[in-house]
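Hi,

Here is the structure I promised to send over. Have a look at it first, and then read on for my notes on what turned up.

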Amino acid sequence: MCTDDLLNPLTTTFVQSCIMLLISQFFHVVLKPLGQPGPIAQILAGLVLGPSLLCRIKKIGELFDQRDFSDYNFIVSFIFRILFMFLIGLETDIPYIKRNFRQASMIACGGIIACSAFGAAITIFVIRMLIINEHKLIFAHIIMIILASSAPPVVIRLITELKFHTAEVGRLAISSSLINEMSCMIWYDIVIAFTSGKMFGHGILCLVFTVLAVVLNRFLAIWYNRRRQNQRYLPGTDVLTILSPIIFFSFLIEEFGYNSTISCFFIGVMFPREGKTTRTLLHKLTYSVNNFILPIYFGFNGFRFDVSYLGSFRNVIVVVLVIVLSIGGKIIGTLVACHYLKIPRNEGVILAFILNLKGHGELLLIDVVPKSKAFDWWDDNFHNLVIIVVVLNTFIAGPVVSCILKREEKYSQGHNSLEIDDGPQSELRILFCVYSSRHISAKIGLISALNGFKKVPIRPYLMYLVELPKKRCKTNLMYHELEDGDQYSDEEDYGGNDVLEINDAVDNFSTETKVIVYIKKVVSSFAAMFENVCNSVEDFRVSILILTYHKHQRLDGKMEISKEGVRMNNQKILRHARCSIGIFVDKGQTGFQQPNPEVEQNVVTLFFGGPDDREALAFSKRIACHPRINLTVIRFQQATLGEQDNASISNDEVLLTISASEVENAIDNVSMEDFCKRYVSSGKVRYLEKHVNNGLETLEVLNEIKEMYSLIIIGKGARGYSPMTTGLSDWEECPELGTVGDLLASSEFNISGSILVIQQNRHSRNHHCCLMHD
């Protein structure tokens, strides 16, 4: 009796899940270098544990072949499917899809149309091979859906593991996959709805359920954001309250004969992105879904496959035919769409193979279709056909995509710098680093300034850097004795109230402006902190990184060192980060603040010339269009330069060599001329020129403007000797700010405005110079 209690279906399901996780982890370690995504390893784990291999052993087969065991598997798969589809909707980059909907939808539709045409062509052959006698039209629709579908969970996992989810082609692939999947699911629902008048009525009712769930969850999210203002995360009871309506309405939709995938996805898409409610859901669901829910879900589906299905030559012919036409249809349809959209052919091939990844929509048919009376032709043969098509399609697509990406280095690199970016109309990916809550106000002001022109997209990331103490105090409380909301990792204890203040400031800004700031906390020693920052720069593919200066302003106006480790960390990042870098010197209340309708911010960009100053000028383009910012650009030129130029021009000599300084001057002139045509001539920016002979005259100009602006933007400067800055570096204290930047940030200069010193990405300069020569 005791043994029967231990081996009940619920316990068996738990044991099966644990074994499946272990086996899938082994396969994942083996297959990851080959480019295989996680879901394939998890489906293989189910295959090994299922009737294809281990369940052929009598004892193991008896353990997993219990009465009602399949019902438990179905319930677990159902709940897991709800959670990860809701999470996918919650993580969907809606602004990107809006901007690129035409491209993504055409790519998705190209693959769907081509695969549907191939599916319709082979339907008669497959019907004869599988001996389908009834509902042949519906069967044809199912074949076309299987060939045309793409699996967003598999696509997202593969792209994330290959680290190009932030690349343009990766984001386009995810968007196209989502549109493809939702289109196929809507197609299936339409087929179901028109099987009878009753099913059509049920479809309308399911649509009402979805709308109710969206409205209810939006209300709960806004209400909890206001109710839990003094907490970092929502407690578990609030999370359960939010997820319960989703599960309830999904269950009703499934009972009416429809699939709840679309509903769960759109509930996630329509969920408010601002506030701690979304942050808590992402925090709780992401780890669980990626490490437990998805592996077990895909493993359960692989567990149902029986390899003996391939013992029939007829079945092998059907499998090969379906796989070939699925791959061929995706390649043809996607390449045609990419050719029309003028997308490079190699990117079109990548998109085609990525969109051929399967493992979700087809598996949903396994759970939903057999329950409908209109699908009485569904049997174990067709079930196994779907499973083997899913596995082999993804096995083929994974390594192909991995090999192509390894050959194309550009997909592993970001924009590198603003100067060689696509201009102010392209998306700006920027990472801000803060060490305490005192730094957050000015950083939010910069984000607001960069978002002045609403049509120019911005994707800001905020990294809160916390020093890992050498000695840590452990709590003696048990897990159940902790306060609700404190049962997270040990790292959540670091940062103190600064974490709450930073989160609240970002939440208020996001609610006001609808700009989503992606927050990440890093707990590390200062010796290793720069590695975390540099890795995040590459993962996020940011164009520019904004660091915090290691000094802060005291009440008497003097600059005081916060932590010496901050300066060491900044210096390491300046040397190793593969993007442009800015160091922000915050001057508190007298410095730069968030622009608002009541107060205008006066900003000046100082241009001495060189790649760093051109990068500062490119950064200034982003804030030039903000209606509450008055931008002035001051160009410093050597007073005697004009006479020298005239003398050289009057000479009829042909110069066979051009020095590096002359090349830089030519590039400076082109950049400034383009800037003036776009912004100065239209009145958006004020332009001034200051002719100086030496550093003393430069200092006089700086003294004239130091109280006029709340923010001074300047390039670090790496041109070596310059007469315009002679003598300014005699008392240099912080070389990382450059000659002029160090002077402006010094306590002796006593400037009231904040300072942003920008260094162009050193790794991109050679490439840029080659482009300019061409």
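Let me start with the charged pairs: the structure holds 18 salt bridges. Bear in mind throughout that this is a predicted model. The general idea will be familiar to you: side chains of opposite charge can pair when their charged atoms come close.

One of these pairs is E427 with R99, where the closest N and O atoms are 3.3 Å apart. This pair links distant parts of the chain, with the two positions 328 residues apart in sequence. E427 sits in the loop between helix 18 (380–407) and strand 1 (428–434), while R99 belongs to helix 6 (residues 94–99). As for burial, E427 is buried at a relative accessible area of 13%, whereas R99 is partly exposed at 38%. Both also take part in a network of salt bridges, in which D93, R99, R171, E427, R429 and R459 are linked.

Then there is K276, which forms a salt bridge with D504; here the closest N and O atoms are 3.6 Å apart. K276 is in helix 14 and D504 is in helix 20 (residues 497–513), so the bridge ties together parts that lie 228 residues apart in sequence. Helix 14 covers residues 276–303. Is K276 buried or exposed? It is buried, since its relative accessible area is 3%, and the cut-off for buried is under 20%. If you leave aside neighbours within four places in sequence, K276 is in contact with N225, R228, Q229, Q231, R232, L234, D504 and D507. So the salt-bridge partner D504 turns up in that contact list too.

A third pair joins K621 and D674, whose side chains meet in a salt bridge at 3.9 Å, N to O. K621 lies in helix 23 (residues 611–624) and D674 in helix 25 (residues 660–680), so this one ties together parts 53 residues apart in sequence. K621 is buried, with a relative accessible area of 17%, while D674 is partly exposed at 30%.

On to the cysteines. How many disulfides does a search of the whole structure find? The answer is zero. Take C579, which is in no disulfide: the nearest cysteine sulfur belongs to C534 and is 8.0 Å away. For comparison, the cut-off for a disulfide is a pair of sulfur atoms within 2.5 Å. C579 counts as buried, at 1% relative accessibility.

Helix 22 (residues 564–576) makes a handy geometry check. At 1.5 Å a residue, its 13 residues should span 18 Å, and the end C-alpha atoms are 19 Å apart, which agrees. The buried residues in helix 22 are G565, V566, R567, N569, N570, K572, I573 and L574. What do they pack against? Their partners are strand 2 (458–467), helix 21 (526–540), strand 4 (544–548), strand 7 (580–585) and strand 12 (754–759).

Q637 is another residue I looked at. Its place is in strand 9 (residues 629–638), and it counts as buried at 17% relative accessibility. Neighbours within four places in sequence aside, Q637 is in contact with E689, K690, H691, V692 and M724. The C-alpha atoms of Q637 and G609 are separated by 8.7 Å, with the two residues 28 apart along the chain.

Now for the surface. A nonpolar patch is formed there by I186, I190, F194, F200, I204, L205, V208 and L212, which together have about 730 Å² of accessible area. Helix 10 (168–193) and helix 11 (197–227) each supply at least two residues of the patch, and the largest share, five residues, comes from helix 11. One of the patch residues, F200, lies in helix 11 and is partly exposed, with a relative accessible area of 43%.

Finally, the overall numbers. The chain has 28 helices and 12 strands. Of its 774 residues, 55% count as buried. The accessible surface of the chain comes to about 35000 Å², and 59% of that belongs to carbon and sulfur atoms. Among contacts with a separation of 6 or more, 84% are between residues 24 or more positions apart.

Cheers

Definitions and conventions. Residues numbered from 1 in each chain as written. Predicted model: local features only at pLDDT ≥ 70, side-chain atom pairs only at ≥ 80, totals over all residues. Heavy atoms only, no water. Patch = residues over 30% accessible without salt bridge, like charges linked within 9 Å, V, L, I, M, F, W, Y side chains within 5 Å. Areas by Shrake-Rupley, 256 points an atom, 1.4 Å probe, with all protein chains shown as cover. Salt bridge = Lys/Arg side-chain N within 4 Å of Asp/Glu carboxyl O. Helix = DSSP H or I, 4+ residues; strand = E, 2+ residues; numbered from the N terminus. Buried < 20%, exposed > 50% of the residue type's maximum accessible area, 1.4 Å probe, protein only. Contact = heavy atoms within 4.5 Å. Expected span 1.5 Å × (residues − 1).
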